[in-house]
Amino acid sequence: DKSTDYSQFDILHQYLEECFPLTFSSKHIKKTKVNDYSLLLEWIGTCPELEPVMICAHLDVVPTPNASEWDHDPFGGHIDDDNYVWGRGAIDNKHNVLMQLEALESMLRSGVDQPARTIFFAFGHDEEVGGENGAAYIAEELKTRLKGRKMSFILDEGTFIIGGIVPGVAKPIALIGNCEKGNASLELKVSACKPGHSSMPPSETNIGILARAIQRLEDHPFPPALAGFFNGLSYLGDHLPHFLRLVVNNKWLFGPVVKNLILSKPQTAASVRTTTSFTILNAGEKINVLPGAARAYVNHRIHPLDEGGDKVVEYVRKVIRDPRVEISYASFDRYVPVSPVSPTDTNGFRVIEECVASVFDGAPSMPALMIGNTDTRFYWDLSENIYRFSPVVFENVQDTSMFHGLNERISIDALADLYQFYHDLLSKVKEKTF
């Protein structure tokens with residue numbers, strides 16, 4: 001993209017080298033610029049037979065088209081009187097980059113020159129636009145180095161620690177993403193009616209036919225799947241109040257009530273079904289001309305229940321029930337299949353749970369579905385155990401609206417906890433066993 005100023009990544013690389021001198025000068029850490037702007041650090045272990053671990057983040061951020069609406073300059077690095085750091089990237093994803101490197105730098109500073117187990121740090125530079133030039137290249141570099149071997153586990157950005165998400169559970173809950181939704185964007189096109197003058201309209205128009213198709217899809221969303229939610233609740237154990245244990249053990253009775261509660265909020269509804277979002281409409285150019293074609297573009301984030309894009313197309317066609325509506329994949333968006341589901345009975349999941357409980361005052365963890373897409377889609381061949389989790393506490397699910405939104409910020413206390421989480425994680429996984 002010629003409009004992108006890639007020199008900013010060179011400036012960022014230099015900044016990271018200045019902030020973390022031990023990391024970037026250690027003879028035991030192999031530093032590689034991948035495809036010029038992504039970074040791959042390999043902290044080489046003394047026991048090459050051990051399966052390595054990889055921790056990930058990304059260097060890029062989304063734009064700020066509404067910068068004037070922010071309370072503080074989104075690229076000013078403002079720290080307010082309440083000790084919040086303001087700026088684009090504060091929770092997506094500069095916080096993870098910096099605290100992962102700070103944890104590594106701290107260990108080197110304390111005399112831990114080399115781990116037993118090799119640990120990779122992967123920082124892509126284009127996650128926000130698909131990762132094709134960052135993580136995709138990192139994956140190929142890793143395949144060359146690993147020569148067919150697998151990693152013990154991979155941890156990338158993902159879901160958060162959120163309060164109030166399960167009624168009656170006092171502590172915030174760490175949602176550890178062990179699966180990721182797919183992505184399929186479709187074009188709905190109607191060209192059944194010839195163009196003509198608006199003074200002599202037919203009984204139906206291309207726009208009208210398309211509008212009815214859109215309405216049918218919004219009136220008939222994909223069916224929800226509650227099995228994953230109930231399975232997640234079972235991980236909370238003693239943190240669950242008695243009435244919720246009763247609910248979990250009697251899904252046949254309480255299932256409809258739980259379903260209504262989950263579907264009442266967009267943030268929770270998205271976790272139990274394939275979503276349908278119309279984002280672009282195109283039809284007509286002049287006020288007095290009936291257009292010869294009308295198009296709508298709809299983005300589906302695919303729940304594992306619906307398997308893949310073909311199932312989505314089948315459902316859309318069934319709901320619309322009108323052969324005049326042509327359905328195809330949108331040419332300008334990438335199709336991403338649903339990720340494999342990573343197991344939770346692994347050392348990787350367990351050690352993440354342990355670090356959460358230690359740093360965040362005994363907060364419980366549960367597996368969760370990641371509703372967005374991350375760089376991990378390029379790493380599926382590297383490990384069966386891929387987890388998506390950003391260890392930052394939000395008091396309620398509404399607070400996550402700053403993610404890609406206005407007034408993105410993070411408290412210095414949250415950054416300290418984030419550092420401690422990664423320090424504890426590195427301390428555990430660097431050993432021969434964890």
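**Side-chain contacts and local geometry in the predicted model**

Ser106 lies in helix H3. The model described here is predicted. Ser106 is buried, with a relative accessible area of 12%. Beyond its neighbours up to four places away in sequence, Ser106 touches Tyr419 and His423.

Another feature lies in the loop that leads to this helix. Asn93 belongs to the loop between strand E4 (84-86) and helix H3 (94-109). The peptide bond from Asp92 to Asn93 is cis, with omega near 15°. Arg88 is also placed in the loop between E4 and H3. Arg88 forms a salt bridge with Glu408, and the closest N and O atoms are 2.7 Å apart. Glu408 sits in the loop between E15 and strand E16 (409-411). The pair links distant parts of the chain, 320 residues apart. Both partners are shielded by the accessibility criterion: Glu408 is buried at 1% relative accessible area, and Arg88 is buried at 8%. Arg409 makes a contact of another kind. The charged end of Arg409 sits over the ring of Trp86, 5.0 Å from the ring centre. A second charge lies over a ring at Phe230, where Lys251 is 5.7 Å from the ring centre.

Salt bridges come to 17 in total. Side chains of opposite charge can pair when their charged atoms come close. One of the bridges joins Asp381 and Lys143, with 3.5 Å between the closest N and O atoms. Asp381 lies in the loop between strand E14 (365-370) and E15, and Lys143 lies in helix H4 (residues 135-146), so this pair ties together parts that are 238 residues apart in sequence. Asp381 is exposed, with a relative accessible area of 52%. Lys143 is partly exposed, at 31%.

A further bridge is formed by the side chains of Asp322 and Arg324, at 3.0 Å from N to O. Asp322 counts as buried, with 14% relative accessibility. Arg324 is partly exposed, with a relative accessible area of 33%. These two residues belong to a network of salt bridges that links Glu204, Arg212, Asp322 and Arg324.

Backbone geometry was examined next. Arg321 has a positive phi of about 55°, although Arg321 is not a glycine. Arg321 is found in the loop between H10 and strand E13 (325-329). At 60% relative accessibility, this arginine counts as exposed. A positive phi also occurs at Glu307, where the value is near 65° and the residue is again other than glycine. Glu307 occupies the loop between strand E12 (294-302) and helix H10 (309-320). Glu307 is exposed, with a relative accessible area of 56%.

Aromatic pairs number 14. Among them, Phe153 and Phe434 form an edge-to-face pair, with 5.9 Å from centre to centre and 65° between the planes. Phe153 lies in strand E6 (residues 153-162) and Phe434 in the segment after helix H12 (412-429), so the pair ties together parts that are 281 residues apart in sequence. Phe153 is buried, with a relative accessible area of 0%. Phe434 is buried as well, at 16%.

The pair of Phe349 and Tyr387 is edge-to-face too, with 5.6 Å from centre to centre and 65° between the planes. Phe349 lies in helix H11 (residues 347-359) and Tyr387 in strand E15 (residues 386-394), so here the parts tied together are 38 residues apart in sequence. Phe349 is buried, with a relative accessible area of 0%. Tyr387 counts as buried, likewise at 0%. Elsewhere, ring pairs link Tyr6, Phe9 and Tyr37 into a cluster.

Cysteines were considered last. A disulfide is a covalent bond between the sulfur atoms of two cysteines. The structure holds zero disulfides. Cys56 is in no disulfide, and the nearest cysteine sulfur, that of Cys355, is 16 Å away. Two cysteine sulfur atoms count as a disulfide within 2.5 Å, so a separation of 16 Å does not meet this cut-off. For Cys355, the nearest cysteine sulfur is in turn that of Cys56. Cys56 counts as buried, at 3% relative accessibility. Cys355 counts as buried at 0%.

Technical notes
Residues are numbered from 1 along each chain as its sequence is written. This is a predicted model: local features need pLDDT of at least 70, side-chain atom pairs count only at pLDDT 80 or more; totals for chains, interfaces and linings use all residues. Side-chain values use heavy atoms; hydrogens and water are left out. Rings of Phe, Tyr and Trp (its six-membered ring) pair if their centres lie within 6.5 Å; planes under 30 degrees apart count as stacked, over 60 as edge-to-face and the rest as tilted. Helices (H or I, at least four residues) and strands (E, at least two) are DSSP runs, numbered from the N terminus. Buried means under 20% relative accessible area, exposed over 50%, partly exposed in between (1.4 Å probe, protein chains only). A charge sits over a ring if NZ of Lys or CZ of Arg is within 6 Å of the ring centre and within 35 degrees of the ring normal. Contact means heavy atoms within 4.5 Å. A salt bridge is a side-chain nitrogen of Lys or Arg within 4 Å of a carboxyl oxygen of Asp or Glu.
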